[in-house]
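User: I have a two-chain file open and would like a quick tour. Can you walk me through it?

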Amino acid sequence: MNVTIVDYNSGNISSVINSFKEVAKDKVNIAVTSDLTTIKASDKVVLPGQGSFKSCIDGLKNINGLIDTLNEFALESKKPLLGICVGLQMFADIGYEENETKGLGWISGKVSKIDNQGGKFKLPHIGWNEINIKKESKIFKNIENKSHMYFVHSYEFVPEDKSVISATTDYSTNVVCAAEKQNIFGTQFHPEKSDKIGLKIIDNFINL
Amino acid sequence: MLKNRIIPCLDVKNGRVVKGINFVDLQDAGDPVEQAKIYSDGGADEICFLDITASNENRDTIYEVVKDTSKKCFVPLTVGGGVRSVEDISKLLNCGADKVSINTAAVQNADVVVQSSKKFGSQCIVVAIDAKKNGDKWEVFTHGGRNNTRIDALEFAKKMEESGAGELLVTSMDRDGTQVGYDIDLMAKISSMVNIPTIASGGVGDLDHLVDGIKLGNASAVLAASIFHYGKYSVKEAKEYLDSKGIPVRI
């Protein structure tokens with residue numbers, strides 16, 4: 001099996017690479033590239049994302065044909081895709097970080113700043129928080145409800161259709177921390193930094 | 001609910017741990033990777049490396065350490081010490097650091113914080129503030145505590161938040177190494193002034209000090225070195241103690 005981590009200058013992806021390689025061992029090929037042919041031929045794709053919504057979308061746009069290739073992979077070929085952090089956020093129609101920026105539009109909704117209740121909650125939301133699993137998901141196989149995951153973000157994905165929400169976390173409000181629509185999976189938290197339990201999620205995705 | 005974090009810090013010199021855990025079954029007590037792994041397996045919420053390599057020619061050793069550690073530890077890794085420029089930050093992140101802590105360079109040129117947080121995101125930029133009390137205020141020190149800038153620490157904290165820092169690591173120079181507890185007054189003042197998370201550092205001697213850092217100092221995370229290194233307490237014991245005091249921790 002071939003899993004491709006999309007490298008589009010979205011910031012620091014070494015941890016994502018290390019964790020997937022750790023889980024994959026020698027059973028699965030992990031490629032790290034923005035090469036369109038490799039992405040098309042992959043069985044699964046990982047879309048990481050650090051920095052701002054706008055900088056990540058710009059990063060995708062800067063590679064000719066990448067967005068079209070990802071659209072084809074996720075929407076036509078319907079092969080499994082995992083978005084992490086801003087990778088998940090980009091599934092939305094629109095993001096409001098820096099400037100109003102159009103997203104990939106795979107899961108209807110917007111990305112806006114977490115309501116910190118006038119400073120009562122510090123932003124970024126950094127650290128370990130519990131996830132409340134809202135629906136059965138293949139990537140949560142053998143993951144207990146209320147497991148701790150590592151978060152670092154100030155913006156949240158607000159999907160229109162609440163049935164796509166697979167988990168939330170409690171920080172000021174019920175922040176969406178995992179969403180899923182058919183073959184498209186996303187986590188706001190960082191499974192690659194969430195210790196053994198996070199690696200289990202990566203393992204679940206690889207084994208889909 | 002967001003949990004308060006416990007961050008063990010390891011001093012690394014020329015690629016080797018200087019003060020480390022002294023376990024009998026340790027294969028190589030100077031190996032930063034092995035030490036970091038012990039901490040992450042023991043429940044550390046993050047690992048912090050402080051590079052205290054003095055000579056420039058050995059400076060690159062930290063990159064190898066970070067590379068190797070990030071292949072074995074799957075909790076966040078913060079690296080600080082000797083970080084001068086956006087290029088240094090980029091190199092550390094590429095080696096697998098999740099956050100980089102900046103001290104002297106941030107004081108000398110706030111633009112390093114502005115540029116790096118824009119380029120890599122605030123989430124990976126930690127500004128380390130070394131502060132010492134002078135009368136009724138605190139002054140910022142640089143160069144590992146050797147140089148007094150006379151800059152007011154509270155004003156500096158605010159300025160760093162505005163420049164794009166994602167977190168502030170606040171070390172009391174008065175308390176560092178004394179084991180009498182954090183400078184709670186300093187912590188509480190900075191924590192209430194900024195809207196970004198703060199990390200308390202400097203002076204931990206027992207577990208009640210960790211409790212105070214969070215409860216009284218309003219720190220989001222507590223950093224400690226010697227209480228863990230010399231096996232006085234394990235990270236697990238620290239967490240259980242905090243839990244018993246009603247502090248939310250990841251257990």
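**Tour of the two chains**

Analyst: Buried residues make up 53% of the 208 residues in chain A. Keep in mind that this is a predicted model.

User: How many helices and strands does chain A have?

Analyst: Chain A has six helices and 14 strands.

User: What are the dimensions of chain A along the principal axes?

Analyst: The C-alpha atoms of chain A fill a box of roughly 45 × 35 × 30 Å. The radius of gyration of chain A is 16 Å, which agrees with the value near 17 Å for a compact globule of 208 residues.

User: And what share of the chain A contacts with a separation of 6 or more comes from residues 24 or more positions apart?

Analyst: In chain A, such pairs account for 69% of those contacts.

User: Now chain B. How many helices and strands there?

Analyst: Chain B has 10 helices and 11 strands. Its radius of gyration is 17 Å, close to the 18 Å that the globule rule gives for 251 residues, so chain B is as compact as a globular protein of that length. The C-alpha trace of chain B spans about 45 × 45 × 35 Å along its principal axes.

User: What percentage of chain B is buried?

Analyst: Of the 251 residues in chain B, 53% are buried. As for contacts in chain B with a separation of 6 or more, 64% are between residues 24 or more positions apart.

User: On to the interface. How many residues of each chain are in contact?

Analyst: On chain A, 30 residues are in contact with 28 residues of chain B.

User: Which elements of chain A give two or more residues to that side?

Analyst: They are helix 1 (14-24), strand 8 (125-130), strand 10 (148-153), strand 12 (165-171) and helix 6 (195-206) of chain A. Strand 8 of chain A gives the most, with six residues.

User: How do the residues on that side of chain A divide into nonpolar, polar and charged?

Analyst: The side of chain A that touches chain B has eight nonpolar, 16 polar and six charged residues.

User: Helix 1 of chain A was on your list. Which of its residues are buried?

Analyst: In helix 1 of chain A, the buried residues are A:Ser14, A:Ser15, A:Val16, A:Ser19, A:Phe20 and A:Val23. Just after this helix, A:Lys25 takes a positive phi of about 45°.

User: Same question for helix 1 of chain B: which residues are buried?

Analyst: Helix 1 (residues 32-41) of chain B has B:Pro32, B:Gln35, B:Ala36, B:Tyr39 and B:Ser40 buried. These residues cover an arc of only 135° around the axis, which puts them on the same side of helix 1 of chain B.

User: What do the buried residues of helix 1 of chain B pack against?

Analyst: One partner is helix 6 of chain A. In chain B, the partners are strand 1 (5-13), strand 2 (16-17), strand 3 (47-51), helix 2 (61-70) and helix 10 (235-244).

User: And what follows helix 1 of chain B?

Analyst: B:Gly43 follows helix 1 of chain B, with a positive phi near 105°.

User: Switching to helix pairs. At what angle do helix 6 and helix 7 of chain B cross?

Analyst: Roughly 35°. The axes of helix 6 (residues 153-163) and helix 7 (residues 184-193) of chain B come within 10 Å. Helix 6 passes helix 7 of chain B in a right-handed crossing.

User: Which residues make that contact?

Analyst: Helix 6 of chain B uses B:Leu154, B:Ala157 and B:Lys158, while helix 7 of chain B uses B:Lys189, B:Ile190 and B:Met193. By class, that contact has four nonpolar, no polar and two charged residues.

User: Last topic, backbone oddities. Which peptide bond in chain A is cis?

Analyst: The bond from A:Leu123 to A:Pro124 is cis, with omega near 0°. A:Pro124 lies in the loop between strand 7 (109-113) and strand 8 of chain A. For background, most peptide bonds are trans, and most residues other than glycine have a negative phi.

User: Where is A:Glu98, and what is its phi near?

Analyst: A:Glu98 lies in the loop between strand 5 (94-95) and strand 6 (101-102) of chain A. Its phi is near 65°, a positive value in a residue other than glycine.

User: Why does A:Glu98 count as partly exposed?

Analyst: Because A:Glu98 has 13 C-beta neighbours inside 10 Å. The class runs between the exposed cut-off of 12 or fewer and the buried cut-off of 20 or more.

User: And where is B:His143?

Analyst: B:His143 is in the loop between strand 7 (137-142) and strand 8 (147-152) of chain B. It has a positive phi of about 55° although it is not a glycine. B:His143 is partly exposed, with 13 other C-beta atoms within 10 Å.

Key:
Residues are numbered from 1 along each chain as its sequence is written. Chains are lettered from A and ligands numbered from 1 in the order in which they are written. This is a predicted model: local features need pLDDT of at least 70, side-chain atom pairs count only at pLDDT 80 or more; totals for chains, interfaces and linings use all residues. Two residues are in contact if their C-beta atoms, placed from the backbone, lie within 7 Å. Helices (H or I, at least four residues) and strands (E, at least two) are DSSP runs, numbered from the N terminus. Ala, Val, Leu, Ile, Met, Phe, Trp, Tyr, Cys and Pro count as nonpolar, Asp, Glu, Lys and Arg as charged, and the others, Gly among them, as polar. The radius of gyration is taken over C-alpha atoms; the globule rule is 2.2 Å times the number of residues to the power 0.38. Axes are lines fitted to C-alpha atoms, for helices over the stretch in contact, and angles run from 0 to 180 degrees between N-to-C directions. A crossing is left-handed if the near helix is turned anticlockwise from the far one by less than a right angle, and right-handed if clockwise. The arc is that of the directions from the helix axis to the C-beta atoms.
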